[in-house]
6 protein chains.
Amino acid sequence: MNELRHLKPAGKAIFHDRHTTKAKELLEDWEPGKERAFAVVGVPLSKPSISHSGASFAPDTIRAALQSYTTYAGESGMELTDGILDFGDIYMNPTDVIGNQDRIVEGLSDVFATDAAKNWMLLGGDHSISYASIKAFAEKQTVGVIQFDAHHDLRNTADGGPTNGTPFRRLLEDEIIDGEHLVQMGIRDFMNAAAYADYAMEHGVGVYTMGDVDAVGVTELLQREINRLAEKVDVIYLSIDMDVLDQAYAPGCPAIGPGGMDSKTLLDGVLFAAKQEKVRAMDVVEIDPTIDFRNMTSRVAAYVMLQFMKGKTEKGL
Amino acid sequence: MNELRHLKPAGKAIFHDRHTTKAKELLEDWEPGKERAFAVVGVPLSKPSISHSGASFAPDTIRAALQSYTTYAGESGMELTDGILDFGDIYMNPTDVIGNQDRIVEGLSDVFATDAAKNWMLLGGDHSISYASIKAFAEKQTVGVIQFDAHHDLRNTADGGPTNGTPFRRLLEDEIIDGEHLVQMGIRDFMNAAAYADYAMEHGVGVYTMGDVDAVGVTELLQREINRLAEKVDVIYLSIDMDVLDQAYAPGCPAIGPGGMDSKTLLDGVLFAAKQEKVRAMDVVEIDPTIDFRNMTSRVAAYVMLQFMKGKTEKGL
Amino acid sequence: MNELRHLKPAGKAIFHDRHTTKAKELLEDWEPGKERAFAVVGVPLSKPSISHSGASFAPDTIRAALQSYTTYAGESGMELTDGILDFGDIYMNPTDVIGNQDRIVEGLSDVFATDAAKNWMLLGGDHSISYASIKAFAEKQTVGVIQFDAHHDLRNTADGGPTNGTPFRRLLEDEIIDGEHLVQMGIRDFMNAAAYADYAMEHGVGVYTMGDVDAVGVTELLQREINRLAEKVDVIYLSIDMDVLDQAYAPGCPAIGPGGMDSKTLLDGVLFAAKQEKVRAMDVVEIDPTIDFRNMTSRVAAYVMLQFMKGKTEKGL
Amino acid sequence: MNELRHLKPAGKAIFHDRHTTKAKELLEDWEPGKERAFAVVGVPLSKPSISHSGASFAPDTIRAALQSYTTYAGESGMELTDGILDFGDIYMNPTDVIGNQDRIVEGLSDVFATDAAKNWMLLGGDHSISYASIKAFAEKQTVGVIQFDAHHDLRNTADGGPTNGTPFRRLLEDEIIDGEHLVQMGIRDFMNAAAYADYAMEHGVGVYTMGDVDAVGVTELLQREINRLAEKVDVIYLSIDMDVLDQAYAPGCPAIGPGGMDSKTLLDGVLFAAKQEKVRAMDVVEIDPTIDFRNMTSRVAAYVMLQFMKGKTEKGL
Amino acid sequence: MNELRHLKPAGKAIFHDRHTTKAKELLEDWEPGKERAFAVVGVPLSKPSISHSGASFAPDTIRAALQSYTTYAGESGMELTDGILDFGDIYMNPTDVIGNQDRIVEGLSDVFATDAAKNWMLLGGDHSISYASIKAFAEKQTVGVIQFDAHHDLRNTADGGPTNGTPFRRLLEDEIIDGEHLVQMGIRDFMNAAAYADYAMEHGVGVYTMGDVDAVGVTELLQREINRLAEKVDVIYLSIDMDVLDQAYAPGCPAIGPGGMDSKTLLDGVLFAAKQEKVRAMDVVEIDPTIDFRNMTSRVAAYVMLQFMKGKTEKGL
Amino acid sequence: MNELRHLKPAGKAIFHDRHTTKAKELLEDWEPGKERAFAVVGVPLSKPSISHSGASFAPDTIRAALQSYTTYAGESGMELTDGILDFGDIYMNPTDVIGNQDRIVEGLSDVFATDAAKNWMLLGGDHSISYASIKAFAEKQTVGVIQFDAHHDLRNTADGGPTNGTPFRRLLEDEIIDGEHLVQMGIRDFMNAAAYADYAMEHGVGVYTMGDVDAVGVTELLQREINRLAEKVDVIYLSIDMDVLDQAYAPGCPAIGPGGMDSKTLLDGVLFAAKQEKVRAMDVVEIDPTIDFRNMTSRVAAYVMLQFMKGKTEKGL
Ligand SMILES: [Ca+2]
Ligand SMILES: [Ca+2]
Ligand SMILES: [Ca+2]
Ligand SMILES: [Ca+2]
Ligand SMILES: [Ca+2]
Ligand SMILES: [Ca+2]
Ligand SMILES: [Ca+2]
Ligand SMILES: [Ca+2]
Ligand SMILES: [Ca+2]
Ligand SMILES: [Ca+2]
Ligand SMILES: [Ca+2]
Ligand SMILES: [Ca+2]
């Protein structure tokens with residue numbers, strides 16, 4: 001007898017409704033030769049963080065949160081059907097923090113080189129991983145970046161090395177991206193230093209504060225900037241630091257505070273951006289599941305992934 | 001000596017302000033013959049839930065939350081003075097899950113048959129209890145239902161039996177209510193399957209997504225639908241699944257997520273609906289106090305009860 | 001129809017096994033004329049505490065914990081059958097902290113004057129309540145006290161008034177009890193000041209450290225001291241500060257720390273003491289349910305009550 | 001050797017970015033003769049609270065939260081550079097609750113008499129401290145008060161003494177402020193008693209409900225009332241009870257509930273008010289860090305302080 | 001390029017020490033034909049519980065806890081090297097509670113029929129699963145049972161059906177095991193009813209209280225009883241209800257309380273029992289990970305598994 | 001007016017009993033030239049940990065826990081009166097993990113070179129800091145080490161670099177200490193790999209398992225080993241990994257589990273060791289306050305410090 005009654009693999013003995021596809025079921029392990037519309041890679045690094053951060057656990061919790069969602073978007077009556085190639089996670093050495101950042105470049109360079117997907121989703125980790133991720137992404141193309149963040153992340157590296165406060169400074173200094181190809185959305189009062197606002201201005205970075213977002217609207221600002229970037233760069237990369245959200249909506253970010261976006265604004269923004277042809281990659285960073293409440297912030301992150309896929313799918317991109 | 005100085009019954013030695021009536025003080029134990037404007041019944045069943053749920057504790061926590069509110073509504077300068085008959089809770093057998101659902105029908109059938117109240121409030125429990133509650137309510141009258149929910153709850157029953165994902169499917173299949181007499185408000189992307197959206201459409205169910213609520217407004221939609229229903233049914237029953245709220249406002253629902261209503265929208269909707277003559281019953285379901293933060297979700301539920309009573313009282317209903 | 005199917009009073013719709021009596025069912029509301037072997041009074045005062053304390057919630061949580069226990073003591077094959085008269089709780093004014101202490105004396109004086117019980121159990125509250133309780137208890141009789149505590153509680157009152165660090169100092173200063181009629185059990189290193197150890201010695205207080213308890217055994221020490229006291233006083237009062245326990249066993253006390261008793265030692269001690277004829281009252285204090293883990297400390301407290309009753313019942317006292 | 005390599009004082013060995021000033025660095029210990037634009041005093045009293053409250057810990061957590069903010073306000077491109085004189089905290093006796101309130105008057109009277117600052121920030125504690133604070137502030141000038149609160153705080157004092165429900169009643173009864181010089185903003189349904197709404201009306205108190213705030217806007221209402229008050233009083237004092245916020249935004253207040261302000265509305269209101277010349281003092285009260293989530297509510301309080309300073313700084317006040 | 005640098009499957013990018021084998025690595029998915037010394041099956045059922053229980057999550061958390069342990073037992077210098085066949089979990093229907101119990105019998109019957117392992121470990125779930133498990137185990141052999149438990153679990157089934165309070169009653173009533181073949185170890189005061197202690201005695205059940213364990217020692221008692229049973233039954237099954245432990249050692253059991261075993265006693269007992277030839281199966285039940293502290297109780301459970309394997313391995317069984 | 005009534009420095013407005021000295025009051029900031037019996041240094045490094053660890057917060061929480069203790073040891077009637085020089089904490093760079101370890105050596109080298117104290121207490125941090133600490137301590141003397149730990153911490157460094165699993169391996173490999181001068185106490189089953197037990201044996205490390213501790217007693221073993229070491233080394237260093245304790249007693253260690261020491265055993269051991277002349281330094285490591293319960297583990301650590309000082313003081317060392 002090879003079939004044992006009622007037995008399922010460990011952890012898989014969960015309720016299944018025959019008419020429902022969970023978003024997590026879209027994940028497929030990558031194998032050479034497989035090609036899909038989407039791919040995901042986990043980048044579980046958070047030791048570079050200035051503050052204590054367990055963001056290295058977020059690739060797991062975000063993937064798990066996909067189990068809380070279905071593939072059906074009733075607002076537009078469409079279904080996500082394209083698989084997501086899961087390349088797994090990049091291995092991190094416990095003590096070689098700088099080396100880990102190099103290895104992310106190497107690993108993602110190999111991943112992107114597979115050309116296995118049209119659209120890429122990277123799951124941090126803290127924001128330091130965006131330096132490595134964008135560096136790998138920019139190896140063969142000019143990259144524009146739209147960063148959702150309460151912070152500039154343009155700190156000097158002399159004071160603490162390549163922390164989560166420095167990725168965009170390092171991308172500019174290493175000439176991986178051009179200052180004019182970086183747009184920051186949701187920058188907040190009392191979360192940044194004047195020196196770095198000045199640095200942004202001097203380097204032509206497009207900076208939109210929360211006041212701008214509230215006054216003009218996130219899609220209006222995105223339309224303006226994506227149109228501008230589209231003429232200058234090959235591809236656009238979204239970098240979503242979840243602390244762009246108000247602490248009420250993202251209680252699990254290390255740097256929480258009031259005065260940020262609500263989740264609908266972010267979700268609308270991601271959907272709009274995803275519908276644009278040149279937008280081809282997105283990371284989601286700065287979620288520390290060890291301090292979150294009921295994985296709320298990872299749930300938002302999973303929804304961000306779904307909005308990204310919805311936009312792409314609706315436009316056939 | 002019969003009067004002992006300073007002694008109060010256990011748990012009652014709490015501060016009392018002579019000018020303040022707590023909403024919880026409106027609760028009166030039911031006795032045969034008593035009649036009031038309002039009645040409440042607890043339905044502490046959550047074992048039918050697809051996911052692990054302690055919603056069976058919510059009748060206790062919602063009643064307790066009434067102690068955090070007064071009876072005075074300063075916005076309109078009015079006072080809730082009508083008592084709430086408390087019929088207590090329906091007894092649940094630990095292992096006979098299906099039998100419990102039958103007993104809810106029997107118990108509520110007896111409760112409604114007392115004609116002791118003009119307006120009924122049922123406290124779940126998970127959403128499976130609405131099947132039983134509406135079945136009992138529909139024994140002598142045609143019932144229309146307005147369901148606030150992120151989900152259709154129209155799942156097939158073959159895959160898991162009468163879970164909290166099926167109450168409205170079962171009401172339609174058992175012809176207890178008509179598909180055209182069901183209105184769903186707040187349905188969300190990635191929370192449902194296409195098959196059940198199709199089922200809703202095929203059966204004439206009125207479906208309003210969160211996008212519709214955001215675009216049109218909850219009172220406008222309710223006015224439209226209550227007017228329509230009022231011509232076709234004897235009474236209207238509100239079924240409030242608290243997960244219609246965004247996770248920031250209802251952190252204690254089993255199925256939390258972003259992109260839902262804020263509490264003011266729900267409270268406005270309930271107030272508006274309560275002012276309509278044919279609306280005569282309401283349930284509040286899907287609150288799991290064991291995973292909530294500071295009973296926030298039960299506090300919203302108690303406020304929902306107060307809005308229901310405020311609307312009724314203002315209109316003399 | 002007066003009997004509604006399946007309906008129970010709110011909060012009472014819980015599982016009942018026909019052969020099982022829960023210890024909580026022994027509680028009976030006091031009424032003039034009722035007499036029982038045991039009585040309980042809640043004294044929900046913790047504002048006098050030196051540190052922030054929610055010990056005022058403990059009378060509720062200890063009573064509730066009785067629901068986790070049955071009345072059957074299989075070790076000796078006996079059953080608790082005597083009812084516990086519940087006199088309820090003493091009312092506390094939110095701002096009149098000193099007045100509250102006076103009112104506890106008045107309230108308990110009235111309670112004790114009923115002579116309704118042979119044995120009394122007082123539920124604090126912080127340790128400040130023992131001053132008031134013992135003062136009331138000593139109105140008509142000479143009282144000896146056995147205090148389980150990590151601390152002497154003999155602080156001067158000039159520095160903070162009648163706090164939870166002072167009850168035994170005040171009892172001695174006000175000559176309510178005699179120093180030689182006070183025994184302290186479980187006093188710990190680094191939890192007290194030399195000045196108060198000296199005060200204890202100067203006033204003839206019997207002091208046993210945790211080292212003494214570990215070396216000699218709790219029942220041996222109790223036997224010795226109860227025999228001594230029994231010759232000198234009319235009645236003996238046990239005052240159980242739960243912080244006599246190691247933090248692993250009583251995680252919900254305000255002043256937790258390592259190096260204390262395990263729960264079996266305390267439970268053995270209470271059982272032994274309860275079997276002694278002159279022991280006629282006991283308080284349980286210093287449990288803050290707001291910081292406990294799963295009401296563990298209240299569960300120990302309820303067990304302490306049961307041991308007290310078991311000892312009395314076995315000896316027919 | 002006097003300089004030890006890499007050693008920093010305990011608790012100060014934290015990351016420092018040379019270009020970033022943390023708001024907490026603005027705090028300077030007061031010394032006689034020092035004068036600054038701002039001063040802060042902690043008033044760690046919460047034993048007068050009707051419910052169990054650890055608001056006495058909030059001066060510590062709010063000061064600590066200033067470490068999460070910088071001094072740079074990018075929305076208007078300005079920097080906070082004025083120091084904040086820190087007068088420390090007022091000592092509280094563990095049992096002398098009423099005496100503590102007298103000592104707050106004495107202590108703050110001495111503080112205000114230094115004339116060391118142009119603008120004062122008081123950190124509660126519960127709302128009872130505002131009676132003492134405003135009494136001290138009104139010793140030499142006529143004071144108008146704008147209170148952000150879900151509650152009137154006009155309770156009778158007979159039932160519980162000078163609790164956190166009574167400060168404004170006592171200020172009126174003791175003729176420290178005039179009813180017409182008190183404005184209440186954010187009053188909520190089911191949080192108050194009719195008797196106290198009537199009392200407010202009879203005494204000419206300006207009452208704006210949450211419905212008013214939602215309909216008219218917080219700055220519009222403040223402009224109207226500050227203009228009115230400015231003609232009648234010497235100075236205006238803001239009293240910010242954080243429970244004016246919806247529970248989603250201020251989860252750490254003792255009296256949480258839905259239907260309140262979001263944080264942006266409050267922060268906008270404080271900024272607007274701070275820009276008015278006569279506004280010269282502000283307290284922030286009713287934050288209980290022991291029940292908060294990740295000090296969210298203290299983070300909002302720190303931001304409220306920053307908005308107050310931003311408004312003052314921008315207007316050179 | 002088929003090998004991507006630094007990429008590992010999702011969730012597997014964790015630190016690996018070349019010389020260390022984690023106990024979890026012993027798990028191997030079962031396939032027909034595979035035979036090993038040990039096998040494990042998850043039985044994630046807890047809806048039959050009298051109280052709210054998430055014990056259905058324990059198979060996952062216990063397996064995960066094996067990752068916290070290595071395979072090396074330094075006390076005796078031996079290594080666990082035999083693989084553990086993992087048969088996965090038995091699927092549970094959300095509403096068909098009784099049917100689930102039948103399906104456990106069917107599923108485990110198939111599992112045991114594979115004869116793939118010499119020793120079986122079943123992971124509950126609540127204690128109701130032991131009825132089904134022992135029933136399946138007893139299909140072809142006479143079974144003796146040694147139950148570690150604070151409770152008899154001999155309740156009548158009329159009051160609540162086949163709950164977690166009834167498994168051994170049902171086994172006796174259905175004549176699956178003989179009363180004299182059941183031994184209960186760790187039975188506690190005030191956790192049981194006299195009626196069920198009487199039932200145990202009438203049916204010849206061997207009952208050892210915590211007092212017996214403390215007085216005689218767990219290995220002494222086990223030796224005595226295993227020797228007795230070994231002459232009467234084909235195999236012996238250990239049923240470990242983790243609430244046999246004191247609440248300080250097993251904070252995650254639904255029915256916690258003081259006065260139980262410490263973990264070393266339990267671990268010693270399991271090791272001793274495992275060394276006996278006829279002991280061939282063990283279940284571990286009544287761990288609710290949703291209320292545990294840091295999975296402490298699942299960590300003990302995993303250690304219990306290791307002791308079982310250590311005993312078997314040392315004796316070559 | 002220079003004296004403001006009732007004002008105290010921020011955070012210092014706490015209750016003070018004139019006869020009580022808190023252990024924390026023994027801390028004095030170091031200044032060149034100051035000499036005391038004791039000194040303390042914080043080493044807030046935990047990024048080298050194999051698992052996610054917030055042990056870097058422990059120097060703060062352990063110092064804070066000293067506020068929960070007094071200086072009086074009633075068991076022996078003595079008082080701690082010698083001050084503790086507080087050298088503060090060593091600064092850690094956010095990304096330069098290896099450099100931090102070098103800087104600890106440099107910083108502690110400078111600290112020890114002051115000769116300011118007779119006895120040194122180092123507060124980790126994870127166990128990786130003991131390599132640096134002992135290296136600095138061994139610069140001018142031969143050091144013997146007694147390590148309380150569940151683990152050998154002798155891992156190869158090739159797999160993860162200088163993690164918290166390697167300090168003693170590195171000390172041996174770098175010939176900073178001799179294998180025969182290292183004693184490990186409390187080594188547990190299933191927490192180590194055979195390869196490292198072998199390594200210990202090959203290098204002459206003295207290994208005592210928990211079984212040995214339970215069988216022989218901690219003071220007996222210490223006496224034996226300290227006597228042996230005293231003949232061979234200049235000084236003895238205690239390294240206390242708090243995970244040597246059972247998880248019930250040290251819930252805040254990253255690597256918790258059952259089967260360890262209880263706190264009294266550890267406290268007895270430290271007291272005994274401290275009485276030995278050659279024991280001159282001690283570190284306490286592996287406490288992660290972010291996952292602890294009520295800082296229980298830091299409370300034990302503070303008590304460990306007190307026992308160390310008690311032993312030294314009693315012997316005049
Ligand atoms: Ca960032
Ligand atoms: Ca950020
Ligand atoms: Ca629903
Ligand atoms: Ca729903
Ligand atoms: Ca005490
Ligand atoms: Ca005490
Ligand atoms: Ca207030
Ligand atoms: Ca308020
Ligand atoms: Ca059991
Ligand atoms: Ca049990
Ligand atoms: Ca270690
Ligand atoms: Ca260790």
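Copies of a chain are superposed by least squares on the C-alpha atoms of residues with pLDDT of at least 70 in both. On that basis, chain C of this predicted model can be laid on chain D with an RMSD of 0.0 Å, by a turn of 180° and a shift of 0.0 Å along the axis. The two copies are thus related as by a two-fold rotation axis. This briefing covers the contact between these chains and two calcium sites, in chain A and chain E.

**Interface between chain C and chain D**

- The same surface serves both copies, since 100% of the contact residues of chain C recur in chain D.
- In this contact, 20 residues of chain C meet 20 residues of chain D.
- About 1,300 Å² is buried between chain C and chain D, and carbon and sulfur atoms give 59% of that area.
- Of the area that chain C buries against chain D, 47% is supplied by C:Lys47, C:His52 and C:Thr95, more than by any other three residues.
- Between chain C and chain D there are 6 residue pairs in polar contact, with both residues at pLDDT 80 or more, while the count of salt bridges is 0.

**Calcium site in chain E**

- The calcium ion (ligand 10) has as protein donors E:Asp149 (OD), E:His151 (ND1), E:Asp241 (OD), and E:Asp243 (OD) twice, at 2.2 to 2.4 Å.
- Along the sequence, the donor residues of the calcium ion (ligand 10) show the spacing D-x1-H-x89-D-x1-D.
- A second calcium ion (ligand 9) lies 3.2 Å from the calcium ion (ligand 10), and E:Asp149 bridges the two.
- E:His151 is in the loop between strand E8 (143–148) and helix H4 (167–173) of chain E, and E:Asp243 is in the loop between strand E11 (235–241) and helix H8 (263–274), so the pair ties together parts that are 92 residues apart in sequence.
- E:His151 counts as buried because its relative accessibility, 14%, is under the 20% cut-off.
- E:Asp243 is also buried, with a relative accessible area of 3%.

**Calcium site in chain A**

- A:Asp149 (OD), A:His151 (ND1), A:Asp241 (OD), and A:Asp243 (OD) twice, coordinate the calcium ion (ligand 2) at 2.2 to 2.4 Å.
- The spacing of the donors of the calcium ion (ligand 2) along the chain is D-x1-H-x89-D-x1-D.
- A:Asp149 coordinates both the calcium ion (ligand 2) and the calcium ion (ligand 1), which are 3.2 Å apart.
- A:His151 is in the loop between strand E8 (143–148) and helix H4 (167–173) of chain A, whereas A:Asp241 belongs to strand E11 (residues 235–241), so this pair ties together parts that are 90 residues apart in sequence.
- Both A:His151 and A:Asp241 are buried.

Definitions and conventions: Residues numbered from 1 in each chain as written. Chains lettered and ligands numbered in written order. Predicted model: local features only at pLDDT ≥ 70, side-chain atom pairs only at ≥ 80, totals over all residues. Heavy atoms only, no water. Contact = heavy atoms within 4.5 Å. Donors = N, O, S within 2.8 Å, 3.2 Å for Na, K, Ca; no water. Helix = DSSP H or I, 4+ residues; strand = E, 2+ residues; numbered from the N terminus. Buried < 20%, exposed > 50% of the residue type's maximum accessible area, 1.4 Å probe, protein only. Buried area = accessible area lost by both parts, 1.4 Å probe. Salt bridge = Lys/Arg side-chain N within 4 Å of Asp/Glu carboxyl O. Polar contact = N/O pair within 3.5 Å; in protein donor to acceptor, adjacent residues only side chain to side chain.
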